[in-house]
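Biologist: I'm new to reading structures, and I'd love a close look at one part of this one. Could you walk me through its aromatic rings and what surrounds them?

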Amino acid sequence: MKQLILTLVFLGFTTILSAQTAREEIENNVHCSASDLFAYPGPMQVCLTPAPDGKKPFYISHYGSHGSHYLKDRKDYRMPIDVLAKADSTGKLTELGRDVLRRLRLIDDEAEGRFGELTKLGAQQHRQIAQRMVERFPEVFEGSVVVDAKSTVVIPCILSMENALQKLVAMRPALLIRHDASRHDMWYMNQYEKKMYTMKKDSSARAFYQAYAKKYNCGDKLMSKLFTDQQFVNQQVDVEKLAQAIFMLTSNVQNTELRKKLSLYDIFSDEELYNYWKKCNTSWFVNSGFCLLGDGMQPYSQRNLLRQLIQDADSCIALAKPGATLRFGHSSMVAPFATLLDLNGIGFKTDNLDVIEKKGWRSYKIFPVAANIQFVFYRENPDDKDVLVKVLLNENEARLPLKSETEPYYKWSEVRDYYLKRLAEYHGE
């Protein structure tokens, strides 16, 4: 009866998470429209489901993306400024257009010399995630246990790792920290293979997406707010390219210290914000989900990461006090990895792009900035062979594609076998 109640509580929480439509969630919080640039909100689930009687956490295996950051390319900042500045020099901007140009220059000034770098907020996000990890699962970090941390060789990922580790050591000084960032581990930390990349760029899938996305173009509305001369726009402006660039800068302000001083959301309607999000969200599904418009295999790009996670878990479960394995990478891996795991049912296959958000493919929930997946393992003692595991997606309990009488806790032996069979189904190598 107790476990039935816990299961119902868990199911109730997951129902609440999916009760609103994406459009409603974006209207309630415009920052959600930023898709993968949505600043990490922290866990929605405050109270986790208690473990079955006698079971205690003893090991955590984690993969997370780096925290909030500046956009990578200086062109992302300069292109819209150059277009608006040219129009301003000939008196073609509205009063709002001139004010938008002013704000864009402030955004550019803040990012100068820091393109692609972790922001202060990004560092804070990883310190907070690490703090909650210790607070939620203190047994894992008791005494001089090992925390084995690895990062990709990209600086924002390395700094995300270091901020997390600094917080862990501050809270648990006895921890033995091992940390590394090496190309030696990139084969699973940020796997790249030419064949999979080529399939992602499949021309038929791209053409279908581009035609689909055109239905949600709304750049003309923004141009009418910024420019006084339609002829200038027709002759001098790539409307959708400019609108998308301004929207991306609008989205990323939330990841910087400027979020406390300015915003550009006032220049977009709710409908426009939803449309820009929808295009980006759909693009992510085409490139990272089981999208049948193309090869339908992109989540298997993370097969090496899943194999390594299983191998590390098997090794650590054999230890009396294994500690934690932490991996710091990219949202471009979290998205297909979560899909390969089929967390909360997002591993569905479809060629119908109109259904994906209803089925739970919502970028701001799955892979916001600093997105993370945590496998938390439970047992009574080191001799207990009945090991349980639960998975947290962005620190919220996730459903796995298996049946369990103790959901969200699953038998590790069954989880392991399920994913090994899923990996065996891939025949692309």
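Modeller: Let's begin with Phe285 and Phe348, which are both buried in this predicted model. Their rings form a stacked aromatic pair, with 5.4 Å from centre to centre and 15° between the planes. The two partners come from distant parts of the chain, 63 residues apart: Phe285 belongs to helix α13 (residues 270-288), while Phe348 sits in the loop between α15 and β6 (349-350). They also have company, as ring pairs link Trp284, Phe285, Phe348, Trp361 and Phe367 into a cluster.

One member of that cluster leads us to the core. Trp361 is among the residues that touch the most other members of the largest nonpolar core, which has 56 residues; Leu343, Ile373, Phe377 and Trp412 share that distinction. Leaving out neighbours within four places in sequence, Leu343 is in contact with several residues, including Ala338, Ile373 and Val391.

Ala338 brings us to helix α15 (residues 331-341), where it is one of the buried residues, along with Phe337 and Thr339. In fact, 10 of the 11 residues of α15 are buried, so the helix is largely enclosed by the rest of the structure. Right after α15 comes Asp342, with a positive phi near 60°.

Some rings have a charged partner instead. Lys349 lies over the face of Phe290, 5.4 Å from the ring centre, and the charged end of Arg379 sits over the ring of Phe58, 3.8 Å from its centre.

Key. Residues are numbered from 1 along each chain as its sequence is written. This is a predicted model: local features need pLDDT of at least 70, side-chain atom pairs count only at pLDDT 80 or more; totals for chains, interfaces and linings use all residues. Side-chain values use heavy atoms; hydrogens and water are left out. A nonpolar core is a set of buried Ala, Val, Leu, Ile, Met, Phe, Trp, Tyr and Cys residues joined through side-chain atoms within 4.5 Å. Buried means under 20% relative accessible area, exposed over 50%, partly exposed in between (1.4 Å probe, protein chains only). Contact means heavy atoms within 4.5 Å. Helices (H or I, at least four residues) and strands (E, at least two) are DSSP runs, numbered from the N terminus. Rings of Phe, Tyr and Trp (its six-membered ring) pair if their centres lie within 6.5 Å; planes under 30 degrees apart count as stacked, over 60 as edge-to-face and the rest as tilted. A charge sits over a ring if NZ of Lys or CZ of Arg is within 6 Å of the ring centre and within 35 degrees of the ring normal.
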